[in-house]
Every structure is written in structure tokens, then in C-alpha cells.
Amino acid sequence: FKVNSYPRIEVRVDSVEVEQQGGTTYFPPAVQLPTDKEIEIVNPGTEDLIISSIDWQAADGGGVAKNPDVEYDLSSMNFPYTLGADGDKVSFKVTYTPPPNSAEKDFNPSVLVIKSNARDAFNKVDVSQVVLTLAMQEKKAYPTMNPPSYQFNNASPTKPETQVFRIESH
């Protein structure tokens, strides 16, 4: 039996720690290829951290708060998932894949909820869930290109091809 021992949770996105109860992280707005966010969960506590689930938050009116172009990969985790004390950690990826041949103009955020038996750093508050919102940065200009890539049809060194690209600022 340890005196003052308890599990804790730290959530990091691309190596940056988010607030204890959760926070918001942003996908870059100028992407036209799949973009990953690395989510890392660390237990700096002195007892095992039991992660009971990681799932999309329930949405008002049914369903989940999830953008259809955002997915996560939890294939390495079975729940409940145990992280040992003193810095044990696990990570997974959340991927945003933009729709083909179009700029994302309406990016509904996705909200992940990580549920566990965690306590705060002073063992005073139950931190049973961390809510992480994955959103697109807004109100910043970003370019898009159409078509998104060059299509080689019959090009050769003796028969070059040209293609017109349209670049727009949003």
C-alpha cells in the first residue's frame, strides 16, 4: 500500500500537452493530403491508469460529434487499457483525409472523449474524462489548387504536355 498514490493522465497532441480536462487542436487549413495528429496518453501517477474507453462524443440529436473525414486508429488498444505508473504511455493517430478534388469549406469538429480512473496532480479532483476537440483553423487565408495533382496522360521527352492549374485563396 502506498501513501498518496493515485493514477494521473496527461494527453499530448504532437508532443504538446493539452489542459487537464481537455482542449482543442487544429488540423492545418491548407492540406490536400491526409494529415495525422499523434495523440499520446501518459500516466505520470503512482498507480495504474485504467483507460476504459476512447470514443467520439455523443452529438445532440443522436449520432456522434465526428467529421466524416476524420478517423482514428485504436487497433493497438483493447479496453479497458492499463498504463503502468511513473510515465507509462501509449499513442494513436487521428487522421484527417480531405475530400477528393475539393477544398474543405465546412469542417465540423470531431470530439474525442478519453475516459479513465485518473485523478488530478493533487489527488483532489476526479479527472474521469478528457475531452479533445479536433478542428480546422478558421479565418486564415489558405490556398487550394485544382486539380490537386498533375495527370500524366501521354507525356514524353519528345512530346511534352501542359496542364492549367487554378489556385484559389480562401
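**Entry 1: strand β4 and its partners**

I looked up the pairing of strand β1 (residues 10-13) first: β1 runs antiparallel to β4, with four bridges between them. I took strands as DSSP runs (E, at least two residues) and helices as DSSP runs (H or I, at least four), numbered from the N terminus. Two strands count as paired if DSSP finds at least two bridges between them. Within this pairing, Val-11 faces Ile-41 of β4.

I note for the record that this is a predicted model, in which local features need pLDDT of at least 70, side-chain atom pairs count only at pLDDT 80 or more, and totals for chains, interfaces and linings use all residues. Residues are numbered from 1 along each chain as its sequence is written, and side-chain values use heavy atoms, with hydrogens and water left out.

I then checked β4 against strand β8 (residues 88-96); these two are antiparallel and are joined by nine bridges. Thr-35 has Tyr-96 in β8 as its bridge partner.

How much of β4 is buried? I found seven of the nine residues in β4 (residues 35-43) buried, so I entered the strand as mostly covered. Buried means under 20% relative accessible area, exposed means over 50%, and partly exposed lies in between (1.4 Å probe, protein chains only).

**Entry 2: Glu-40 and its salt bridges**

I picked Glu-40, which lies in strand β4. Its relative accessibility is 18%, so Glu-40 counts as buried. I listed its contacts (heavy atoms within 4.5 Å). Leaving out residues up to four places away in sequence, Glu-40 touches Glu-10, Val-11, Arg-12, Lys-89, Val-90 and Ser-91.

I searched for salt bridges, meaning a side-chain nitrogen of Lys or Arg within 4 Å of a carboxyl oxygen of Asp or Glu. The structure holds seven.

I looked at Glu-10 before the others: Glu-10 makes a salt bridge with Arg-8, and the closest N and O atoms are 3.7 Å apart. Glu-10 has a relative accessible area of 13% and is therefore buried.

Next I took Arg-12 and Glu-40, whose side chains form a salt bridge at 3.2 Å, N to O. Arg-12 belongs to strand β1 and Glu-40 to strand β4, so this pair ties together parts that are 28 residues apart in sequence. Arg-12 counts as partly exposed because its relative accessibility is 23%.

Lys-89 also forms a salt bridge with Glu-40, with the closest N and O atoms 3.9 Å apart. Here too distant parts of the chain are linked: Lys-89 sits in strand β8 and Glu-40 in strand β4, 49 residues apart. Lys-89 is partly exposed at 49% relative accessibility.

Which residues do salt bridges that share partners join into one network? I entered Arg-8, Glu-10, Arg-12, Glu-40 and Lys-89.

**Entry 3: the five-stranded sheet**

I turned to an open sheet of five strands, ordered β3-β10-β9-β5-β7, with mixed pairing. Its edge strands are β3 (22-27) and β7 (81-83), each pairing on one side only. Neighbouring strands in this sheet are turned by 30° against each other on average, direction ignored. For these angles, axes are lines fitted to C-alpha atoms (for helices over the stretch in contact), and values run from 0 to 180 degrees between N-to-C directions.

I followed β3 to strand β10 (residues 129-136): the two are parallel and share six bridges. Gly-23 stands opposite Leu-132 of β10.

**Entry 4: aromatic pairs**

I paired rings of Phe, Tyr and Trp (its six-membered ring) with centres within 6.5 Å; planes under 30 degrees apart count as stacked, over 60 as edge-to-face and the rest as tilted. The count came to two aromatic pairs. One of them is Phe-27 with Tyr-96, a tilted pair at 5.5 Å centre to centre and 45° between the planes. Phe-27 is in strand β3 and Tyr-96 in strand β8, 69 residues apart, so to speak of distant parts of the chain is in order. Phe-27 and Tyr-96 are both buried.

**Entry 5: totals**

I counted zero helices and twelve strands in the protein. Of its 170 residues, 34% are buried. Of the contacts between residues at least 6 apart in sequence, 71% join residues at least 24 apart. I computed accessible areas by the Shrake-Rupley method with a 1.4 Å probe; for residues, only the protein chains shown count as cover. The protein exposes about 10300 Å², and carbon and sulfur atoms supply 50% of that.
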